[in-house]
Amino acid sequence: MNNTAIQTDNLVKTIPQAGRDLQILRGVSLSIDSGESVAITGTSGSGKSTLLGLLAGLDLPTSGAVQLFGQHLDGLDEDQRATMRLGKVGFVFQSFHLLENLTALENVMLPLELSTALPPHPGLPPQGGKEQIAREVLQQVGLGERLSHFPNQLSGGEQQRVALARAFVTRPQILFADEPTGNLDRTTGHEIIDLLFALQEKFHTTLVLVTHDDTLAARCQKHYRLEEGMLA
Amino acid sequence: MKLLLHHWLQRWRMPEMRLLLLALTVSVTVVTAVGFFTSRVENAMQAQARQLLGGDLVLSSARPLDDAYLQRGQQLGLETAQTISFPSMAASGDKLQLSQLKAVSSAYPLRGELKTAAAPDAPEQASTGQLPARGEIWAEARLFAELGVKAGEQVQLGRSTFKLARVLTQEPDRSSNLFQLAPVVLMNLDDLPATELLSPASRARFNQLFAGEEKLVKQLQQELELKLKPTERIRTLEEDLSSVQQTLQRSGRFLGLATLLSVVLAGAAVVLTSSSLMRRELPAVAVLKAMGMSRRQVLRDHAFSLLLTALLAALAGVALGFVLQFGLAEWLSQFVGKDLPAPSSAPALSGLLTAIILLLGFALPQLLRLVNTSPMQILQGTLQRPRQSVWLVVACLLLAVFGLLWLQSRDLQLAGMLFAGLLAGIGLFWLLAKAFLRLTQVVGRKLHSRWIPSLGRSRRAVLLVVVFATGLFSLLLLTTVRTDLLNRWQETLPPDAPDNFLINIQPAEVKPLEAFLAGHGVKTHLYPMVRGRLVEINGQPVQPEDYENQRAQRLLEREFNLSSFAEFPSSNALLEGKWFKQGETGFSIEKGIGETLSFGMGDKLTFDIAGQRLSDTVTSVREVRWDSMQPNFFVIAAPGSLGDMPSTHITSIHLGEKKAIVTDMIRQFPSVTVIDVAAIVAQVRSLVEQASMAVQGIFVFTLIAGVVVLIAALQSQKAERRREIAILKSLGAGRAELRRRIWGEFLLLGALAGVLAGLLALTAGNLFGYYLFDLDMKLDLMPLLVGGVVGSLLVGVAGFWNLRGLLNVLPMSLLKA
Ligand SMILES: Nc1ncnc2c1ncn2[C@@H]1O[C@H](COP(=O)(O)OP(=O)(O)O)[C@@H](O)[C@H]1O
Ligand SMILES: [Mg+2]
């Protein structure tokens, strides 16, 4: 399936501020194919996270258009956009953002629980056995022995592994990763990235990876560079 | 559903959830405990009120009733009976006891039944159709105990001697056993004349009872209403029931309102915990939204969780409240009797409502914030709280508080007043706490402490002091008012203040009694007393209906006591006009009654005294000290104006050690009733003590709620403190040093709150005493001391307990993201 997963047209994001409006994105047009891995790089504050949020439909652009899975996002309200993501989109964040009061296993089961409301779709594992699925994914990221540990009992690298498991457990069509190694040391970071690409390949996931690390970006099939809100 | 339940269970891992549950449970417990208790008392009273009359219709008067009424009832085919009751002394050997004598005719009671026992500890039996035989009396167990007699022994009443045959355990129309001080003695009506106890001026209540077919009773009622004299009154079931209910509802409401302080404090705890709960959930919700959770799902998830928590709290609170009300009933058993019926289930519902209102009003705004969290935040470094209109939060809060007040008072106007009072009170506390903390800052700086001033600066410290001081304040206030006022009231009485009232002294007994008392060295002054009803003011007839004021209506319905003498009463103060000179006529009135019934100097009053009219002009106004232990009168007529109107005399005497002469006195003057004030004061005192203990019990909950708020406040600043401790550790502070700081901080804050509460309780107590009870101001440092010590201990322990885990925080944690 070699169709387009995400397409944007002249994306602009401005933030109203006292005095002058702050322009974060000034016309970004890009296209990402299904199954492709894409890196977005740029210096800190160049608007990478903002762009990622727009691509995932977390927010709406000031002007310009986004198509996710071939569907226009403008005109959809927050909940409709959320429903589009349900089970089809995974996230990995720089600071992990695991739920503190849930164990590793419960964190990974969360997306499965959320998407039970939906009719089954191809990406989704069969109903029932959620716990089994979550266990398996955690084993794949090497945390089979830490199922009942809480986030604060895990190291940064281990937390990010749980986050990876959580992101891939629904076999999403697209995975958005925002500087997933930003809070980790080099070695651990490499392990996480290896794991990330391994899982991406295994599940044929479209990957949108935001990073400021050029060597990392080089491992992706496509590379966009953001400079002052525009693609360079 | 299963999923929602699952999430709810997972939330229990957060301490905030447990606190939320605790806060809600405390408020539901106190609301339901009091609710259950008052509903039991209400049920008891209603059951009693149903038999209260002893008939379907009762004609009641302070004067003997015309037999024509009875005959008319019999003509209609109704059953009839008669009762006459009045206080009288019962004597056996050298023991005396004031009793409530009740003489009844043969058909009594027409409704309800009498229950008796062979001896005070023997089983109770229904006495079907039986009454005391001629020459016999039945009496309540208390009379047996006070006189030290057994069943079958002799008891003297007036000029007759009776055999005390049985113990009276229940009679249907017991007038008001809530405050009945004297034991009831039941006798045959035919025996009454021989006792010579009843005279035209006795304080007796004459009743004619009718029972039968409802239609006929109604017909009689209509006929009687046309014929009745102003002093005669028809009592029906509905009327009695509603007045009893009103009184009860009012006192129930008062107790209910006493619980509100705890509920409002618990509300503060709910606000604190739900806001820190929200802060904790914020990132989670943002992540979940990024993963595709909709706003509706977020709302459903959290609303479900909160409601389930409320439900759980309600269940726990209702169960606890149910258990606690037994304690309350036990505490107040002297008031309400031992055998209360089961409570109704309504209080459980209002407990649940309380929990839901608390949650909706205090936690809902936080929940809405959560729902509106943008998932975009998760990509930006810092998580800001979604902006939320402060007005929405405040509006929800105020609405909830008002709702709670309304729920408890069931009275919109009262709720409004309380609401305003509450806001003003909290505002006052807030300002005072702030000022107090500012003061400690200044003092701290003087002491060259860098640590004390920093304490007073945080807004949380103010909150903590306010909340805790409120809890302690109510408790301390009650303690001071209770012990202090009662003690000081007795102190204000001079040692030779009269300790016994003698009433019902017949005209013929005046001279011999004066001689008798003088013979024993007892100073006395006997005042004549007639009972009259005010019928005209300035020639215009007056009716109870003319007045809106309930007290005015009651005064006009009843007869009140008039006297007539030459010497100005020493315990009164002349406010207007002049006291009677030789040969002058006129009335001297008490200030209060003039104000209530709107008459004063120069107005012409007409009284109906047993059918004779007495008219005169008001020539002076007096202020009366009712607690002077002297006979006091609303209206005093110029000497000689009472003529031959039926009168008795009244006096108060100081007996002190000469108590023993009472026995002799009663022998010689059998109709004289002696009222031992000391005994009554002691009894009233113990009643007041018990009642205030119960209220204090409720305020203990206020304190508990205060502690919950305290913990909630501590919990909400835990993250901040964790950072602070890590920083201090990285700078080289040891555990001992940290421990000292934590203890120091909370002991000091607690002491501040306690002293503030003590100060306010002292002030309020003094103001109460000064304005309500005419007592002198007094500086008693006890509340300050108690407040300071209790406050610092409670806050210190709670604070340290809550933060003890943080001592193990590693400075390393600062390095984690
Ligand atoms: N909600 C916002 N309000 C104000 N400024 C914002 C907001 N979101 C992003 N910015 C600003 O936009 C710029 C780009 O932010 P971001 O996309 O997070 O950059 P990057 O992820 O590349 O470091 C930054 O300067 C940031 O401060
Ligand atoms: Mg970023």
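**Entry 1. Surface patch**

I looked first for nonpolar patches on the surface of this predicted model. I found one made of V390(B), W391(B), V394(B), L398(B) and L423(B), with about 500 Å² of accessible area together. I then asked which helix supplies the largest share of the nonpolar patch. That share, 4 residues, comes from helix 11 of chain B, which spans residues 390–409. L423(B) I located in helix 12 of chain B, residues 412–446. I also looked up the accessibility of L423(B): the value is 40%, and because buried means under 20% and exposed over 50%, L423(B) counts as partly exposed.

**Entry 2. Chain B as a whole**

I recorded 22 helices and 22 strands in chain B. Chain B has 817 residues, of which 53% count as buried. For its accessible surface I noted about 37,400 Å², with 59% of this belonging to carbon and sulfur atoms. I next considered contacts in chain B between residues at least 6 apart in sequence; 82% of these join residues at least 24 apart.

**Entry 3. Aromatic pairs**

How many aromatic pairs does a search of the whole structure find? I noted 18 over all chains. One that I examined is F91(A) with F93(A), a stacked pair with 5.5 Å centre to centre and 5° between the planes. For burial I looked up both residues: F91(A) has a relative accessibility of 3% and counts as buried, and F93(A) is buried at 2%.

I then turned to F587(B) and F607(B), whose ring centres are 5.4 Å apart. Is this pair stacked or edge-to-face? The planes stand at 90°, so I entered the pair as edge-to-face. I placed F587(B) in strand 17 of chain B (residues 587–590) and F607(B) in strand 18 of chain B (residues 604–609). The pair therefore ties together parts that are 20 residues apart in sequence. Both F587(B) and F607(B) are buried.

I also noted one aromatic cluster, formed by Y527(B), F565(B), F568(B), W579(B), F580(B) and F633(B).

**Entry 4. Charges over rings**

Finally, I looked for charged side chains placed over aromatic rings. In chain A, I found the charged end of K88(A) over the ring of F69(A), 5.1 Å from the ring centre. In chain B, I found R804(B) over the face of W801(B), with a distance of 4.0 Å from the ring centre.

Definitions and conventions
Residues numbered from 1 in each chain as written. Chains lettered and ligands numbered in written order. Predicted model: local features only at pLDDT ≥ 70, side-chain atom pairs only at ≥ 80, totals over all residues. Heavy atoms only, no water. Phe/Tyr/Trp six-rings, centres within 6.5 Å; stacked < 30°, edge-to-face > 60°. Buried < 20%, exposed > 50% of the residue type's maximum accessible area, 1.4 Å probe, protein only. Helix = DSSP H or I, 4+ residues; strand = E, 2+ residues; numbered from the N terminus. Lys NZ or Arg CZ within 6 Å of the ring centre and 35° of its normal. Patch = residues over 30% accessible without salt bridge, like charges linked within 9 Å, V, L, I, M, F, W, Y side chains within 5 Å. Areas by Shrake-Rupley, 256 points an atom, 1.4 Å probe, with all protein chains shown as cover. Salt bridge = Lys/Arg side-chain N within 4 Å of Asp/Glu carboxyl O. Contact = heavy atoms within 4.5 Å.
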